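Me: I'm new to this structure and would like a close look at a single part. Could you pick one sheet and walk me through it, along with whatever packs around it?

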Amino acid sequence: MNQDNTRPENQSEDIIKGATSGEYKYGFVSDIDTDIIPVGLSEDVVRLISAKKGEPEWLLDFRLKAYRHWLTLEMPRWAHLDIPEIDFQAISYYAEPRKKEGPKSLDEVDPQLLDTFNRLGISLEEQKQLSGMAVDAVLDSVSVHTTNKEKLAKMGIIFCSISEAVKDYPDLVRKYLGSVVSYRDNFFAALNSAVFSDGSFVYIPKGVRCPMELSTYFRINAAGTGQFERTLIVADDDAYVSYLEGCTAPQRDENQLHAAIVEIVVEDRAEVKYSTVQNWYAGDAEGRGGIFNFVTKRGLCRGDYSKLSWTQVETGSAITWKYPSCVLKGEGSVGEFYSVAVTNNRQQADTGTKMIHIGRNTRSTIVSKGISAGHSENAYRGLVKVVPAASGARNYTQCDSLLLSDTCGAHTFPYIDVQNDTAIVEHEATTSKISEDQIFYCNQRGIPTEEAVGLIVNGYAKEVMNKLPMEFAVEAQKLLQITLENSVG
Amino acid sequence: MDNILLQVNDLRAGIDGKEILRGINLTVRPGEVHAIMGPNGSGKSTLSGVLAGNPAYTVNGGSVDFHGLDLLSLSPEDRSHEGLFLSFQYPVEIPGVSMVNFMRAAVNAKRKYFNEEPLSAGDFLKLMRQKRAIVELDNKLASRSVNEGFSGGEKKRNEIFQMAVLEPRLSILDETDSGLDIDALRIVASGVNKLKTDSNSTIVITHYQRLLDYIKPDFVHILYKGRIVYSGGPELALELEERGYDWIKEQVDNQQ
């Protein structure tokens with residue numbers, strides 16, 4: 001790194017201003033023949049989506065109820081976010097890659113599609129994949145391909161797109177769909193319930209440990225559309241599964257809406273680990289374009305001694321609004337939330353979790369690491385609730401913010417609602433900056449500033465990164481570094 | 001310029017618009033140990049900071065030649081690669097970053113600068129093991145975060161350990177003795193002495209004579225009000241120990 005001879009006095013200022021050469025490498029658009037329905041939302045559109053997917057009557061009913069309820073709701077404005085008006089009539093609610101006849105094997109899948117996912121580092125050809133991982137690839141509104149299905153089926157594990165699940169396992173879907181996140185839950189949950197297109201369905205039968213990581217890769221490709229996927233994971237008694245979610249989108253000047261729902265049900269002594277690396281396009285340095293990410297994620301620890309662990313690394317999206325939550329109903333059930341949320345440039349994030357303690361001796365842990373740079377706004381919002389019946393409930397919350405510029409904001413909104421005297425709830429919070437002393441110390445040892453920031457940030461986020469599955473952890477570390485390139489002097 | 005490692009000519013520098021160094025001249029040859037002593041506020045730490053390229057300081061004039069390179073035009077990391085090492089008076093804590101990762105980044109950055117391949121994990125750990133012994137640091141060091149929770153003595157030993165790994169041509173020890181008990185002082189000094197060769201040089205910046213009992217200087221310079229006002233052999237340090245700095249101050253202040 002041979003640098004300029006002179007080090008201007010407020011070099012950090014300059015570098016912050018010159019930010020975002022950290023390029024978004026997933027910003028390409030694929031030329032795929034896509035069937036997009038006209039923009040706008042109405043009962044007819046809901047019926048059209050349902051018809052396109054050949055859905056049973058009960059599901060159309062579910063959608064219509066949700067739609068009618070959505071009409072009565074207003075956009076939520078309580079988050080620490082500056083959300084521009086979204087014209088819900090200007091969005092197309094369904095886009096699918098046009099195909100000849102439903103491809104049965106990979107040979108029949110459009111090579112353009114395969115190429116798209118290859119460029120994203122996701123191979124759909126099983127022999128080329130990372131061993132120990134099964135992938136469901138979702139492009140715009142539909143699931144394109146799910147790998148390793150047969151192998152998993154031998155153990156009784158169901159891993160398929162939710163559309164297929166509706167056809168092949170209607171009873172299971174009907175039993176659990178909307179059981180954790182009702183369409184009445186919130187504005188975006190109602191919208192998703194009305195128009196959701198695809199997503200993944202996972203069922204792990206009693207006593208089965210899923211032998212590989214299950215993964216869904218979400219990709220928005222078409223312009224002028226939104227993505228409304230829905231994921232449903234059920235872990236029956238004594239089951240275990242680790243599930244990963246990744247997302248990217250092309251670089252565009254317009255904003256695109258992503259409003260997803262994830263529902264998880266964990267039965268007796270079962271355990272679900274859900275990891276996300278969210279890298280939707282974040283918009284450019286001036287805040288043009290980027291994904292609006294409004295997501296409702298919630299898991300119900302229904303069984304005794306069940307466990308649900310959320311780990312998220314949030315680096316993308318222009319606006320992030322998500323609170324992966326745990327309803328701890330079973331006695332001795334455990335909820336965990338580990339989060340790194342990075343915002344740079346004009347990004348805004350309002351994210352956190354809810355831990356609802358209902359069962360006795362339930363435990364929860366929250367570790368949130370916010371990193372803000374540029375002119376971004378980064379808020380942690382969390383609720384720890386202990387109901388009167390939840391004797392012996394225990395929560396530990398650690399909430400740290402790291403500031404990389406003088407122009408960004410970090411905010412913490414912890415809500416604690418304890419209605420049982422035996423509960424123990426702890427909250428710790430810190431705010432820190434990367435100091436010039438730390439950077440100079442690294443520089444003096446020969447470590448250039450960019451790399452120094454990467455080291456320091458990854459050190460700060462280590463506790464959370466350690467929770468990610470190995471394959472993801474390395475990628476996530478690089479992602480942190482790229483997202484923050486040129487953000488500190 | 002034959003056989004001169006560091007040539008400082010009329011160096012002027014300051015911080016926040018205030019001039020602190022008012023024309024420093026200093027010549028260091030390979031194999032030499034120079035002690036720079038002086039009362040508080042004389043500019044000792046500014047000198048080390050300016051030589052290492054700390055952006056907090058502004059250079060107002062003068063030049064520094066470092067084995068044929070214009071030192072002041074190099075970035076701090078390039079000064080490091082070219083063989084300048086600063087042992088910090090207050091080593092900085094970097095939470096969550098293990099010493100192993102930190103040193104690997106440092107070693108590989110230097111190798112990259114010289115167009116060499118990164119060191120393999122095995123070779124790197126071997127190097128860490130060898131160098132650790134020099135300052136009697138235990139192997140738990142590797143997994144601990146940089147300087148976090150280190151005692152004063154451990155921090156200074158850790159500085160000398162890094163110096164051992166990076167094998168600099170010129171080491172500047174900035175008040176390395178401050179905050180050390182006598183045992184830590186002995187370990188640190190013995191580490192520095194073990195690393196001494198005919199081709200590398202050391203500048204020891206200190207307020208007290210104490211450290212110089214262990215690290216024998218060839219030259220002693222007295223810095224006062226931003227200038228080197230007195231230079232001599234090791235005996236000068238002893239004289240300072242006996243008489244304090246006041247006689248120097250008086251002499252200089254009277255001349256002005």
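Reply: Let's take the open sheet of six strands in chain B, which runs in the order β6-β9-β10-β3-β11-β12 with mixed pairing. Before going on, a word on the source: this is a predicted model, where local features need pLDDT of at least 70, side-chain atom pairs count only at pLDDT 80 or more, and totals for chains, interfaces and linings use all residues. Residues are numbered from 1 along each chain as its sequence is written, while chains are lettered from A and ligands numbered from 1 in the order in which they are written.

Some terms first. Helices (H or I, at least four residues) and strands (E, at least two) are DSSP runs, numbered from the N terminus. Two strands pair if DSSP finds at least two bridges between them. Strands of a sheet pair through backbone hydrogen bonds, either parallel or antiparallel.

Back to the sheet. Its edges are β6 (84-87) and β12 (227-232) of chain B, each pairing on one side only. On average, neighbouring strands here are turned by 20° against each other, with direction ignored. (Angles run from 0 to 180 degrees between N-to-C directions, and axes are lines fitted to C-alpha atoms, for helices over the stretch in contact.) At the β12 end, β11 (residues 219-224) of chain B runs antiparallel to β12(B), and five bridges join the two. There you can find B:Leu223 opposite B:Ile228 in β12(B).

Now for the helices that lie on this sheet. Helix α1 (residues 44-52) of chain B lies across β3 (33-37), β6, β9 (170-174), β10 (201-206) and β11, at about 145° to β9(B). Contact here means that the C-beta atoms of two residues, placed from the backbone, lie within 7 Å. α5(B) lies across β6 and β9 of chain B, and runs at about 170° to β6(B).

Follow α5 (residues 152-166) a step further and you meet α3 (residues 99-113), also in chain B: the two pack at an angle of about 30°, with axes 11 Å apart. That is why α3(B) and α5(B) count as roughly parallel (angles under 35 degrees are roughly parallel, over 145 roughly antiparallel, 65 to 115 roughly perpendicular and the rest oblique). On the α3(B) side, B:Met103, B:Ala106, B:Val107 and B:Lys110 meet B:Gln162, B:Val165 and B:Leu166 in α5(B). By class, that contact has five nonpolar, one polar and one charged residues. (Ala, Val, Leu, Ile, Met, Phe, Trp, Tyr, Cys and Pro count as nonpolar, Asp, Glu, Lys and Arg as charged, and the others, Gly among them, as polar.)

α3(B) also leads you to the other chain. In all, 26 residues of chain B are in contact with 23 residues of chain A. α3(B) gives the most to the side of chain B that touches chain A, with six residues. The residues on that side divide into 14 nonpolar, nine polar and three charged.

α1(B) has another sheet to deal with, too: it lies across β1 (6-15), β2 and β4 of chain B, at about 75° to β2(B). Those strands belong to an open antiparallel sheet of four, in the order β2-β1-β4-β5. β2 (18-28) and β5 (69-70) of chain B each have a single partner strand, so one side of each is left without a neighbour in the sheet. β4 (residues 58-66) of chain B and β5(B) pair over two bridges, with B:Phe66 opposite B:Leu69 in β5(B).
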